[in-house]
Amino acid sequence: MRRRLALLAVTLFVGWMLSPMLRAQTAPAQAAAGQAEPEKWNNVPPRKSTYAGKKSDPAPRRDLSGIWDGATSAGNGLEDQGAPAMPEDGKPEHQIPFTPLGLEKFKLTKPSNGPRQSELGEINDPLYMCDPMGFPRLELFELRTIEIAQTAKQVIYLNEYYGQWRIIWTDGRELPKDPDPRWNGYSVGQWVDDYTFVVQTVGMKEATWLDNVGRPHSDALRVEERFHRVDHDNMELSMTIDDPKMYTKPWLALDKYPLRLQSDDFDMPEYLCAPSEMGDYNSQIGNRGGLPTSPNNK
Amino acid sequence: MRNKLAIISLALVILPGVCVPLFAHHGNAAYDTTKTVTLKGTVTEYTWANPHVFLKVDAKDDSGNTSHWVIEAQSTVTQNAAGWSRTTFKAGDEVTLDVIPIKNGSPIGRFKGRIVINGTVFKAGAQPAPGQ
């Protein structure tokens, strides 16, 4: 009799614990209250496991176009440990080949998180002033989704996080010799075979960090990207950093970084850094809490 | 038998929480991640913006004293992915929240997980990608 009562009590307990879940508003119900057709807008890529075992059609020729998800990487597209092929993890194979000047400049960068997380009062990541990410940081940090379109003379590249765009010229022009620096530099690209597109970029502003752990660059930086269309749904992105003022030799920042094609219905969310919103956040939270976005913590 | 049922019922409670990826968060050093504070009070303002979505709550303690709390979530992109929107909260909502408090003692915190709005448990849910 006691056993049956205990069983009944536990069953009732389980039922009581489960009932809030059954009654709880689910995300679609709440979304209906605040937004129309939520699944059509502000999309996020599916979890990595969704892709497992899925077969893909063959790669189209000379075609990078589509919306690509960077979050299937080991770092989930976030990459707060630094350039994914050279994270700041102390391993000998990930030792960055700094020149003396490069090492000096590296010591001056004070990140807010990750392996080189700094004291609150010292953090100086320019992203907290709503500076643009710049290139190549937009590919080495918070690579969430990107959208690529092609015209006869250009590859148009749109980046979700901090809302940057780049134009890669495919009209055969040469890179500029002594350009006025731009946040995203100047890019030209060409197909080296039907499935591999190689891009060269120069003229990037020195104020930007290469990645989230604060690797520096100079005006001598030249970045090479290799986009390899593996099959219809998969692309691999490799990137070489070549900056003789900062580094004694070129190094690989991305090594076949996986990009996964999304549906052409995918609506990229918007993440822009607005100084007014950043200011509001700082006055309500940042300054009062001593958080790194606060200008008081420069 | 009783132990097995207890374990199963506990698992059933914990597991259904949708796994939203744990984004590395700037400002970790400012929060006391060893503590959890449970706030009960009324929403006074809800801000749907970047860099962080945040909520202002007038929370009463056991003695009836009110403190004005500000609790931050992540970006609108991240919160949207977790099923939040600009109407998830509104002024006047009665809420119970678990928060991780800031170290410096100000009434500032970060959402820890449990959210109850007007008596209903809020379950974060990831919206499906198109074509799924």
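**Exercise 1. Describe how the confidence varies along chain B.**

Chain B has a mean pLDDT of 81, with 73% of its residues at 70 or more; pLDDT is the predictor's confidence in each residue, from 0 to 100. This is a predicted model, in which local features need pLDDT of at least 70 and side-chain atom pairs count only at pLDDT 80 or more, while totals for chains, interfaces and linings use all residues. Residues are numbered from 1 along each chain as its sequence is written, and chains are lettered from A and ligands numbered from 1 in the order in which they are written.

Step 1. In chain B, the lowest confidence falls in helix α1 (residues 2-14), with a mean of 52. Helices (H or I, at least four residues) and strands (E, at least two) are DSSP runs, numbered from the N terminus.

Step 2. The highest is in strand β1 (residues 37-47) of chain B, at 97.

Step 3. Over residues 9-24 of chain B, pLDDT stays under 50. The model has 22 contacts beyond four places in sequence for these residues; a contact requires C-beta atoms, placed from the backbone, to lie within 7 Å.

**Exercise 2. Place Asp93(B) in its surroundings.**

Step 1. Asp93(B) sits in the loop between α2 (76-81) and β4 (94-101) of chain B.

Step 2. Leaving aside neighbours within four places in sequence, the contacts of Asp93(B) are Val43(B), Ile117(B) and Asn118(B). Ile117(B) is 24 residues from Asp93(B) in sequence, yet their C-alpha atoms are 6.5 Å apart.

Step 3. Asp93(B) is partly exposed because 17 other C-beta atoms lie within 10 Å. A residue is buried with 20 or more other C-beta atoms within 10 Å of its own, exposed with 12 or fewer, and partly exposed in between; C-beta atoms are placed from the backbone.

**Exercise 3. Find the bridge partners of Trp68(A).**

Step 1. In strand β1 (residues 66-69) of chain A, Gly66(A) and Trp68(A) point one way, Ile67(A) and Asp69(A) the other, and all are buried.

Step 2. Four bridges join β1(A) to the antiparallel strand β2 (residues 145-150), where Ile146(A) is the partner of Trp68(A).

Step 3. Two bridges join β1(A) to strand β9 (residues 251-261), also antiparallel. There the partner of Trp68(A) is Leu261(A).

**Exercise 4. Locate Glu142(A) and state whether it is buried or exposed.**

Step 1. Glu142(A) lies in the loop between α4 and β2 of chain A, and its phi is positive, near 50°, although the residue is not glycine.

Step 2. Glu142(A) counts as buried because it has 23 C-beta neighbours inside 10 Å.

Key: Contact = placed C-beta atoms within 7 Å. Pairing = 2+ DSSP bridges.
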